[in-house]
Amino acid sequence: DLPGDEGRKLAFRSMSYFTLEMAHPLVISETGTVFCGRTPDEVHHFYGNGPRPDALEFIQVIKRHLEAVNA
């Protein structure tokens, strides 16, 4: 609820985000992608093979990941 830049900085420092990255040619999986993320403390995490590059499939991967983490 902080106004302006302070509110945006606080929000950015408190969120995690997920990425779908192209796999390195030496470790390409069947899909050719990896599911990764970055936490608020700026640590990059590798969660495993990702889906094909499709937004709906990626959303499902994120949903399953969050359900498993919060179980």
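How many residues sit between β2 and β3 in their hairpin? There are five, and glutamate 42 in the turn has a positive phi of about 65°. This is a predicted model, in which local features need pLDDT of at least 70 and side-chain atom pairs count only at pLDDT 80 or more, while totals for chains, interfaces and linings use all residues. Residues are numbered from 1 along each chain as its sequence is written, and side-chain values use heavy atoms, with hydrogens and water left out.

The hairpin belongs to an open, antiparallel sheet of three strands, ordered β1-β2-β3. Strands here are DSSP runs (E, at least two residues), as are helices (H or I, at least four residues), both numbered from the N terminus; two strands count as paired if DSSP finds at least two bridges between them. β1 (17-22) and β3 (44-49) are the edge strands with a single partner each, so one side of each has no neighbour in the sheet. On average, neighbouring strands are turned by 30° against each other, direction ignored. β2 (residues 33-38) is joined to β3 by five bridges. Among them, glycine 37 is partnered with histidine 45, and valine 34 with asparagine 49.

Then there's helix α2 (residues 55-69), which lies across β1, β2 and β3 and runs at about 130° to β1. Such angles run from 0 to 180 degrees between N-to-C directions, using axes fitted to C-alpha atoms, for helices over the stretch in contact. Histidine 65 is found in this helix. With 17% relative accessibility, histidine 65 counts as buried (under 20% relative accessible area, with a 1.4 Å probe and protein chains only). Setting aside neighbours within four places in sequence, histidine 65 is in contact (heavy atoms within 4.5 Å) with Phe18, Phe35 and Tyr47.

Methods. Buried means under 20% relative accessible area, exposed over 50%, partly exposed in between (1.4 Å probe, protein chains only).
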